[in-house]
Amino acid sequence: MKIITSHYIDGAFVESHGREVMDIVRPTDGQVIGRATLADEEDTRRAIAAARRAFATYGRSTQEERAEILRRMHKAASARLDDLTAAMVEEYGGVVQFARLIVESGVNAFAAAEKALHEIEWTRSWGKTTVTLEPVGVAGLITAWNANALFICLKLASAAAAGCTVVIKPSELSSLQTQVLIEALHEAKLPKGLLNVVTGLGSTVGAELVRNPNVDKISFTGSVAVGETIMRDGAATMKRVTLELGGKSPTILLDDADIAQAIPAALIMAFLNSGQACAAGTRLLVPRTRFEDVKRVIADAMHAFTVGDPADPKIAVGPMVSQKQYDRVQSYIRKGIEEGAEVLVGGEGRPEGLKAGYFVKPTVFVNVKNDMTIAQEEIFGPVLSVITYDSEDEAISIANDSRYGLHAAVLGTDTQRARRVASQLRAGRVVINGMTDDPQAPWGGFKYSGVGREYGRYGIEAFVETRAILES
Ligand code: NAD
């Protein structure tokens with residue numbers, strides 16, 4: 001049983017002022033494996049005060065000093081890659097093959113931020129005018145559970161590169177991985193108060209960060225509902241906000257695609273992180289002329305999406321994070337059936353042989369219409385909707401007919417054509433012929449998928465203000 005009773009404030013682990021205790025539940029069997037004492041408003045205010053004090057010095061640090069700090073964080077976090085992966089697998093049931101990649105991209109975010117830091121033009125001058133990029137101040141970083149360690153690293157790296165000090169409110173469902181990461185970063189011997197971490201509920205710690213006038217910026221990853229609250233409540237203190245929200249990402253299979261390759265690629269994107277990924281490609285748009293072939297290949301390829309113990313490297317789909325998330329996914333599968341979609345693979349209930357834990361059946365619906373609930377709402381589980389189209393224009397219009405616009409994919413043989421289609425999609429990122437990443441390319445959404453961007457120079461620029469000095 002792991003017991004966590006402290007927060008990280010002003011360079012030290014300090015006992016929680018908050019007294020509420022939360023169970024840490026293992027999603028593979030529902031057993032309580034630890035307890036975390038949650039922070040309250042007082043802990044949060046202490047963390048904000050520490051960050052504010054530290055900003056007086058760190059906000060004036062040089063580019064080289066920040067680069068050195070990023071290198072130290074990279075080294076310290078790299079030393080705990082295995083422990084971080086293990087914590088993710090145990091705590092939220094992330095399958096090990098994916099959890100490892102997530103942790104690696106988190107750790108690499110420090111190196112990527114250092115690279116971007118050197119590429120940004122921090123000062124521009126012309127005539128008698130000089131424009132500099134200045135850190136925005138104290139940043140409140142609020143993360144979701146589904147890749148908590150990655151979000152913490154990413155936001156911290158960008159904020160620190162910009163010269164901001166931070167108070168992190170990790171997801172309350174991620175105390176174990178947060179603890180490992182903070183222990184690691186403590187070894188980086190950062191300036192006191194640059195990094196503060198208070199784990200607690202959104203309604204207490206998160207809300208305090210959003211309303212506190214000593215916090216200048218909120219960078220948030222989570223649901224649209226909470227994103228709306230942050231934007232509204234943050235307005236009272238004129239908070240700068242970056243919001244990374246949900247998605248209902250389309251994958252367009254063009255009629256020249258090699259189905260044998262394209263379908264497995266589409267399924268990997270659909271079932272990323274057991275479907276609990278903001279970028280999951282949960283709407284697959286296929287040409288009507290190839291629908292029968294597609295169905296056959298999907299049914300076949302789904303054998304590779306085995307469900308079970310996330311620590312087993314052969315397993316592709318782990319449990320949902322919680323009973324609540326399990327119930328949510330079940331209710332969407334039921335809704336899909338009620339609205340007339342046809343279950344090709346999967347369906348309601350637990351997979352055979354998995355009686356305990358929050359496991360669901362990876363499910364593929366066909367004969368889905370884009371206005372059905374399962375095609376419009378983010379399910380955040382392994383549920384794919386297959387929708388047919390008759391022309392390229394119709395495929396683009398269905399893809400864009402969503403309140404979300406985070407991610408999209410195009411699969412096809414003619415690259416020029418795939419690029420042409422990609423350029424018409426209203427999404428922050430479009431991948432061609434399979435999932436891929438570039439830590440210098442911006443990440444973020446159009447429409448309800450969010451406000452602002454993360455990654456590389458775009459992520460750092462989200463933590464700066466411009467100051468122009470004009471001489472007469
Ligand atoms: P959530 O919105 O419930 O919680 C996210 C964070 O916000 C948590 O730390 C939570 O404690 C906090 N919070 C809750 N209420 C708050 C309040 N009133 N004020 C301030 N903070 C508050 O989301 P979740 O269930 O943790 O994550 C799933 C969602 O996150 C999905 O919608 C998913 O698409 C989205 N997500 C987006 C991205 C992206 O990069 N765009 C990445 C991952 C997840």
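The exercises below, each with a worked solution, deal with a predicted model.

**Exercise 1. The nonpolar cores**

Find which residues of the largest nonpolar core touch the most other members, and which helix gives the most to this core.

Solution. Begin with the core as a whole, which has 77 residues, and among these Leu70, Met73, Phe110 and Leu195 touch the most other members. Turning to the helices, helix 5, which covers residues 148–162, gives the most to this core, with twelve residues. Next, take Leu195 by itself: once its neighbours within four places in sequence are left aside, Leu195 is in contact with Tyr8, Leu156, Val166, Ile168, Leu185 and Leu190. Finally, a second, separate core should be noted, made of 33 residues, including Leu267, Ala270, Ala301 and Val364.

**Exercise 2. The buried residues of helix 10**

Identify the buried residues of helix 10, and say which strands and helix they pack against.

Solution. The helix runs over residues 291–301, and its buried residues are Phe291, Val294, Lys295, Val297, Ile298 and Ala301. These buried residues pack against one helix, helix 9 (259–270). They also pack against strand 13 (250–253), strand 14 (283–287), strand 15 (342–345), strand 16 (363–366) and strand 17 (383–389).

**Exercise 3. Arg417**

Decide whether Arg417 is buried or exposed, and list the residues that Arg417 touches beyond those up to four places away in sequence.

Solution. First locate the residue, which belongs to helix 14, residues 415–422. The relative accessible area of Arg417 is 15%, and a residue counts as buried under 20%, so Arg417 is buried. Then look at its surroundings, where, with residues up to four places away in sequence not counted, Arg417 touches Leu254, Asp255, Asp256 and Glu392.

**Exercise 4. The shell around the ligand**

Describe the residues that surround the ligand by class, and give the distances from the ligand to polar side-chain atoms of Trp145, Ser223 and Trp443.

Solution. Start with the shell, in which 26 residues surround the ligand, the closest being Thr143, Glu172, Ser223, Leu245 and Glu378. Sorted by class, the shell has 13 nonpolar, nine polar and four charged residues. Helix 7 (202–211) and strand 11 (217–221) each supply at least two residues of this shell, and helix 7 gives the most, with three residues. For the distances, an oxygen atom of the ligand lies 2.5 Å from a side-chain N or O atom of Ser223, while a polar side-chain atom of Trp443 is 2.9 Å from a ligand oxygen atom and one of Trp145 is 3.1 Å from a ligand oxygen atom. As a last step, consider the ligand's surface: taken alone the ligand exposes 850 Å², and the protein buries 86% of that.

Technical notes. Residues numbered from 1 in each chain as written. Predicted model: local features only at pLDDT ≥ 70, side-chain atom pairs only at ≥ 80, totals over all residues. Heavy atoms only, no water. Core = buried A, V, L, I, M, F, W, Y, C linked by side-chain atoms within 4.5 Å. Buried < 20%, exposed > 50% of the residue type's maximum accessible area, 1.4 Å probe, protein only. Helix = DSSP H or I, 4+ residues; strand = E, 2+ residues; numbered from the N terminus. Contact = heavy atoms within 4.5 Å. Near = heavy atom within 4 Å. Polar contact = N/O pair within 3.5 Å; in protein donor to acceptor, adjacent residues only side chain to side chain. Areas by Shrake-Rupley, 256 points an atom, 1.4 Å probe, with all protein chains shown as cover. Nonpolar A, V, L, I, M, F, W, Y, C, P; charged D, E, K, R; others polar.
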